[in-house]
Amino acid sequence: MASGLPWGTVTKSATQPVNNTFAYLDGGWRPLTECTVPVNTHALQYGTGCFEGIRGYWSGDRINILFLREHFQRLAGNAALLMMKSPTVDEMCTIATRLVRQNEPKHNIYIRPMVYKKGLTLGPVLIDVPDGFLCYMQPLGDYLDTSKGLSVCVSSWQRLSDNSIPTRTKATGGYLNSALAKSEAVMNGYDEAVFLNDRGQVCEGSAENIFLVRGGELITPDRTADILEGITRRAILQFAKDLGIPAVERPVARTELYLADELFLVGTGCQVSWVRSVDKRVVGAGTRGPLTERLQRAYEDAVYGRNPAYASWLTPA
Ligand code: PMP
C-alpha cells in the first residue's frame with residue numbers, strides 16, 4: 001500500500017526479493033517463501049544476528065561472485081566476536097556458490113547470508129542460545145544511482161560506537177541506527193545520510209563507506225572511526241595504490257566534507273556513487289570529479305572481469 005512518503009532513491013525494484021528462488025535455511029534448501037522462522041526467534045526479538053551482502057555480476061555467460069571468500073571471512077570473524085557459531089568459511093562459500101548455480105540467474109544479483117540466534121528463549125543474551133545460518137539471493141541493479149550525483153546530508157542521528165554495538169560486526173540490530181538515519185535523510189529530500197561518530201568525526205553512510213578528495217589526496221575515515229571495515233573500501237584503497245593516487249586513512253572533520261573537491265560513497269550495494277552536494281553545499285564543480293571517475297571505471301572493469309589484474313577477486317559460479 002502506498003505510504004505517501006517520499007521514497008527517493010530506495011526503488012522497490014532494486015530492493016525486492018524474488019519468491020520463486022531457492023534459498024538455504026539451517027541445513028535445507030527450500031523455495032524462499034518456505035524459509036520461515038518462528039515469531040519468537042531470538043534474532044527477530046533482539047536483533048541477534050550478523051550478515052553480509054555479496055554481489056554477483058552477470059558477465060554475459062556466467063555470474064562472477066565478487067570477494068566471495070573475503071565476505072565469508074568477515075562474517076566468520078564477526079560471528080565469533082558476537083559469540084555466534086557460523087559454518088566454516090569453506091562451507092559458506094560452497095553454500096553461496098550452490099545457491100547461485102541452483103537459481104541460474106542471468107542478471108546481477110545480491111547474496112544475503114546471515115548467522116543468527118535461532119533459539120526461542122526469552123532474554124537478550126548470547127550464550128547458550130542455538131545458532132542458525134541462512135543464505136538467499138535476489139536481483140539487484142543500482143542500490144543508489146551511480147550516474148547521477150547524490151544529494152547527502154549529515155545525519156542528526158549519531159553513529160553507534162564500538163562500545164555499544166560495534167558497527168564493524170555488521171550486526172542486524174545495529175541497522176536500526178542506519179534505518180533511522182536513512183529514513184530521516186529520505187524524508188527530508190536527500191538520497192543518503194552521512195553519520196558522525198560519538199567524537200563528532202565523519203564516519204560513513206547508512207550502508208556505505210565514504211571517501212573525500214582534497215588537493216589530489218584520497219581521504220577516508222580510519223578503522224577506529226566506528227565504521228564497517230568495508231570490502232569495497234579496501235578495494236578502492238588497492239586501486240589508489242595501483243594507480244599511484246596518494247591515499248590516507250585518518251580522522252575526518254565534518255567541515256572537510258564541505259571543502260572537499262570530490263566526494264563519493266562506496267559499498268557492495270552502492271558500488272562507487274559520487275556525491276553532488278552535502279547539506280546543500282555543492283561539492284567541487286558539482287560534477288563527477290576526475291579521481292572519482294578513474295576509480296569508478298577501475299571498479300567496473302574489475303567487477304565485470306575486464307581487467308585480468310583483478311581476476312582473483314571474482315569467483316565464477
Ligand atoms: N558501511 C556500512 C554500514 C554498510 O552496511 C556497508 C555495506 N556492507 C558498507 C559500509 C560497505 O561495506 P562493503 O564494501 O563491505 O559492502
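Why is strand β11 (residues 209-214) largely enclosed by the rest of the structure? Five of the six residues of β11 are buried, so the strand is largely enclosed, where buried means under 20% relative accessible area with a 1.4 Å probe and protein chains only. The model is predicted, so local features need pLDDT of at least 70 and side-chain atom pairs count only at pLDDT 80 or more, while totals for chains, interfaces and linings use all residues. Residues are numbered from 1 along each chain as its sequence is written, and side-chain values use heavy atoms, leaving out hydrogens and water.

Strands are DSSP runs of E with at least two residues, numbered from the N terminus, and two of them pair if DSSP finds at least two bridges between them. β11 pairs in the antiparallel sense with β14 (residues 262-267) over five bridges, with F264 as the bridge partner of F211. β11 also pairs in the antiparallel sense with β12 (residues 217-220), over three bridges, and here V213 stands opposite L218. In the hairpin of β11 and β12, two residues lie between the strands, and G215 takes a positive phi near 60°.

The ligand has 15 residues around it, of which Y175, E204, I231, T232 and T268 come nearest; a residue is near if one of its heavy atoms lies within 4 Å. By class, this shell holds four nonpolar, six polar and five charged residues. Polar contacts, pairs of N or O atoms within 3.5 Å, include the following.

| Ligand atom | Protein partner | Distance |
|---|---|---|
| nitrogen | K170, side-chain N or O | 2.9 Å |
| oxygen | I231, polar backbone atom | 2.8 Å |
| oxygen | T232, side-chain N or O | 2.5 Å |

Taken alone, the ligand exposes 390 Å², and the protein buries 97% of that, with areas from the Shrake-Rupley method and a 1.4 Å probe.

Note on methods: Buried means under 20% relative accessible area, exposed over 50%, partly exposed in between (1.4 Å probe, protein chains only). Helices (H or I, at least four residues) and strands (E, at least two) are DSSP runs, numbered from the N terminus. A polar contact is a pair of N or O atoms within 3.5 Å; within protein, one must be able to donate a hydrogen and the other to accept it, and residues adjacent in sequence count only if both atoms are side-chain atoms. Ala, Val, Leu, Ile, Met, Phe, Trp, Tyr, Cys and Pro count as nonpolar, Asp, Glu, Lys and Arg as charged, and the others, Gly among them, as polar.
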